[in-house]
Amino acid sequence: EVRVEPPIQSRWWRLFVQDAWDVSPGTFLLVETFGIRAKPAPLWETHADLHLDPPCNFRERQSLGYTSSAADCLAAAEAIPQVDYLVWRGDADSSCYACDISARYNPSYVDLASATSWSLR
């Protein structure tokens, strides 16, 4: 039997081992996890009814498909590295796409009703 206890630190877990082949019963092991949480969740700033101006170009843009809500679009972006702008086109076809706009000095926005966009803080 192996019992997992809450993390001691962000990447260390304490395991309680019972009747293991090469470990004495009742032993606690510290196990470092890899890949479970490679980085903290990004902090997104929401821009309701706004869109990046000019829009992302083909080098910056990555489609995340079509989502039923802005929240689903934001959730889809969690798995995408190197993204600092995200938009859900609730005003049009419910498309969701992410962009790497890190090369832009000072991005600006234009009004676009029913669109939701986010940028990293």
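Are Arg104 and Glu60 buried or exposed? Arg104 is buried, and so is Glu60. The model is predicted, and this pair is a good place to enter it.

The side chains of Arg104 and Glu60 form a salt bridge, with N and O 2.8 Å apart. The two partners come from distant parts of the chain, 44 residues apart. Arg104 sits in the loop between strand 7 and strand 8 (108–120). Glu60 sits in the loop between strand 4 (44–53) and strand 5 (61–66). The pair also registers as a polar contact of 2.8 Å between the side chains. In general, side chains of opposite charge can pair when their charged atoms come close.

Glu60 is one of several residues around Arg104. Beyond four places in sequence, Arg104 touches Leu52, Asp53, Pro54, Pro55, Cys56, Asn57 and Glu60. Two of these neighbors share an unusual link. Asp53 and Pro54 are joined by a cis peptide bond, with omega about 0°. Pro54 belongs to the loop between strand 4 and strand 5. As a rule, most peptide bonds are trans.

Now step back to the whole chain. The protein chain holds 1 helix and 8 strands. In sequence order the pattern reads β-β-β-β-β-α-β-β-β. Of its 121 residues, 27% count as buried. Among contacts between residues at least 6 apart in sequence, 56% join residues at least 24 apart. The accessible surface comes to about 8100 Å², and 54% of that belongs to carbon and sulfur atoms.

Next, the interior. The largest nonpolar core has 12 residues in all. Its members are Trp44, Leu64, Ala70, Cys73, Ala77, Ile80, Val83, Leu86, Trp88, Cys96, Ala98 and Trp118. Helix 1 (70–77), strand 6 (85–89) and strand 7 (95–99) each supply at least two of these residues. Helix 1 gives the most, with 3 residues. A second, separate core of 7 residues includes Cys56, Tyr85, Tyr97 and Cys99. In soluble globular proteins, nonpolar side chains tend to be buried together.

Which residues of helix 1 are buried? They are Ala70, Cys73 and Ala77. Seen down the helix axis, these buried residues fall within an arc of 60°, so they line one face of helix 1. The general geometry is familiar: an α-helix has 3.6 residues a turn, so residues three or four places apart point the same way. The cover over the buried residues of helix 1 includes strand 5, strand 6, strand 7 and strand 8.

One core member shows how these elements meet. Leaving aside residues up to four places away in sequence, Cys96 touches Ser63, Leu64, Gly65, Thr67, Cys73, Leu86, Val87 and Trp88. Of these, Leu64, Cys73, Leu86 and Trp88 are listed in the largest core, as is Cys96 itself.

Ser95 lies in strand 7. Is Ser95 buried or partly exposed? Ser95 counts as buried, because its relative accessibility is 11% and the cut-off for buried is under 20%. Its C-alpha atom is separated from that of Tyr66 by 4.3 Å, although the two residues are 29 apart along the chain. Beyond four places in sequence, Ser95 touches Gly65, Tyr66, Val87, Trp88 and Arg89. The side chain of Ser95 also makes a polar contact of 2.9 Å with the side chain of Asp93.

Ser94 is in the loop between strand 6 and strand 7. Ser94 has a positive phi of about 65°, although it is not a glycine. At 24% relative accessibility, Ser94 counts as partly exposed. Ser114, in strand 8, also has a positive phi, about 75°, and is not a glycine. Ser114 is partly exposed too, at 42% relative accessible area. Most residues other than glycine have a negative phi.

How many salt bridges does the structure hold? There are 2. Besides Arg104 and Glu60, Asp91 pairs with Arg89, the closest N and O atoms being 2.7 Å apart. Asp91 is partly exposed, with a relative accessible area of 28%. Arg89 is partly exposed as well, at 21% relative accessibility. By contrast, Arg104 and Glu60 are buried.

Notes:
Residues numbered from 1 in each chain as written. Predicted model: local features only at pLDDT ≥ 70, side-chain atom pairs only at ≥ 80, totals over all residues. Heavy atoms only, no water. Core = buried A, V, L, I, M, F, W, Y, C linked by side-chain atoms within 4.5 Å. Buried < 20%, exposed > 50% of the residue type's maximum accessible area, 1.4 Å probe, protein only. Helix = DSSP H or I, 4+ residues; strand = E, 2+ residues; numbered from the N terminus. Contact = heavy atoms within 4.5 Å. Salt bridge = Lys/Arg side-chain N within 4 Å of Asp/Glu carboxyl O. Areas by Shrake-Rupley, 256 points an atom, 1.4 Å probe, with all protein chains shown as cover. Arc of directions from axis to C-beta. Polar contact = N/O pair within 3.5 Å; in protein donor to acceptor, adjacent residues only side chain to side chain.
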